[in-house]
Amino acid sequence: MEAPPPSSDPYKFLNITLNSDGSLTRHRDFPKLPPTEQSKDVPLNQTNNTFIRIFKPRNIPPDSKLPILVYFHGGGFILYSAASAPFHESCTKMADRLQTIILSVEYRLSPEHRLPAAYEDAVEAILWLRDQARGATNGGDCDTWLKDGVDFSKCFVMGSSSGGNVVYNVALRVVDTDLSPVKIQGLIMNQAFFGGVEPSDSELRLKDDKICPLPATHLLWSLCLPDGVDRDHVYSNPIKSSGPQEKDKMGRFPSTLINGYGGDPLVDRQRHVADMLKARGVHVETRFDEDGFHACELFDASKAKALYETVEAFIKKSCSSTGPSANM
């Protein structure tokens with residue numbers, strides 16, 4: 001008898017059990033790592049148990065002012081942490097490779113805290129950074145790792161998988177907010193997690209994918225979306241559900257980098273979001289590598305290297321651009 005496809009039981013595939021009170025038991029997770037000499041945790045909202053893990057590069061040149069990268073981890077909104085080993089290790093490597101201070105955000109997970117909780121935490125992290133910048137400028141309180149060593153006018157917001165979805169949604173929420181002296185120069189969506197009621201061609205082609213089988217992604221959305229809505233909700237499917245207000249706001253996004261892989265069932269939706277932003281006048285750069293799968297940079301050093309090189313080039317180009325400044 002042939003083995004069942006990996007998507008046959010999405011709860012078993014994701015190693016989760018839904019409890020009677022609506023919470024999840026997560027049976028298997030990546031180990032969580034403590035901060036190192038290169039990283040430290042600062043509280044964001046103690047009531048919500050959220051925090052920011054700050055990463056700094058080794059061998060920082062003297063008197064340098066580093067860019068800032070606000071980062072949101074993946075996990076389908078229900079799994080993992082800023083302290084989970086793959087994301088901790090990836091941020092450590094990115095800080096060194098990009099010579100950038102990274103703020104990795106611990107946001108609340110679903111279904112215990114359904115969307116928009118993660119977006120609210122993300123906005124809170126951006127406002128925390130703004131307040132740190134104002135403290136540094138005005139002689140007030142500011143974290144010692146940020147006070148003298150960063151350029152608050154060179155800020156980027158990046159996320160992977162569900163974190164890429166967070167990037168899009170937090171940008172909608174802060175585009176009209178006065179963040180000065182912080183200036184968000186660019187958005188980076190890596191294999192962003194979007195969905196919809198009607199499956200895309202890539203979702204059908206890769207419905208039994210070993211990383212993101214279609215029944216598992218459907219279960220993820222059912223656990224994280226607000227009660228009573230389907231996958232065409234604007235949080236999941238901005239292509240179908242964005243109204244005039246969202247379209248006006250997305251037209252004011254800063255330069256955006258969208259990265260994806262041909263072996264990712266979500267790749268068609270990522271391409272559609274890129275096209276949507278371009279149609280609104282956003283400067284969008286895309287890198288779609290046909291050779292790769294969802295989250296491949298966490299497991300393949302060559303994919304990680306290529307991603308970091310792409311992000312580094314985008315940051316350098318955005319920081320040196322002589323065109324119109326970002327609107328955020």
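The following exercises, with worked solutions, concern a predicted model.

**Exercise 1.** Determine where aspartate 268 is placed and which residues distant in sequence are in contact with aspartate 268.

*Solution.* Step 1: Find the element. Aspartate 268 belongs to helix H10, which covers residues 267-279. Step 2: Set aside the neighbours within four places in sequence; the contacts of aspartate 268 are then Ser200, Asp201 and Ser202. Step 3: Examine the polar atoms. The backbone nitrogen of aspartate 201 is reached by the side chain of aspartate 268 at 3.5 Å.

**Exercise 2.** Decide whether aspartate 268 is buried or exposed, and how its charge is placed relative to the opposite charge.

*Solution.* Step 1: Aspartate 268 is buried. Step 2: The nearest side chain of opposite charge is that of arginine 271, 4.5 Å away. Step 3: A salt bridge requires a side-chain nitrogen of Lys or Arg within 4 Å of a carboxyl oxygen of Asp or Glu. Aspartate 268 accordingly has no salt bridge.

**Exercise 3.** State how many disulfides the model holds, and examine cysteine 224 and cysteine 319.

*Solution.* Step 1: Apply the cut-off, namely a pair of cysteine sulfur atoms within 2.5 Å. The count is 0 disulfides. Step 2: For cysteine 224, the nearest cysteine sulfur belongs to cysteine 212 and lies 13 Å away. Cysteine 224 is buried, its relative accessible area being 0%. Step 3: For cysteine 319, the nearest cysteine sulfur is that of cysteine 155, at 9.9 Å. Cysteine 319 counts as partly exposed, with 25% relative accessibility.

Terms used:
Residues are numbered from 1 along each chain as its sequence is written. This is a predicted model: local features need pLDDT of at least 70, side-chain atom pairs count only at pLDDT 80 or more; totals for chains, interfaces and linings use all residues. Side-chain values use heavy atoms; hydrogens and water are left out. Helices (H or I, at least four residues) and strands (E, at least two) are DSSP runs, numbered from the N terminus. Buried means under 20% relative accessible area, exposed over 50%, partly exposed in between (1.4 Å probe, protein chains only). Lys and Arg count as positive and Asp and Glu as negative; His and the chain ends are not counted. A polar contact is a pair of N or O atoms within 3.5 Å; within protein, one must be able to donate a hydrogen and the other to accept it, and residues adjacent in sequence count only if both atoms are side-chain atoms. Contact means heavy atoms within 4.5 Å.
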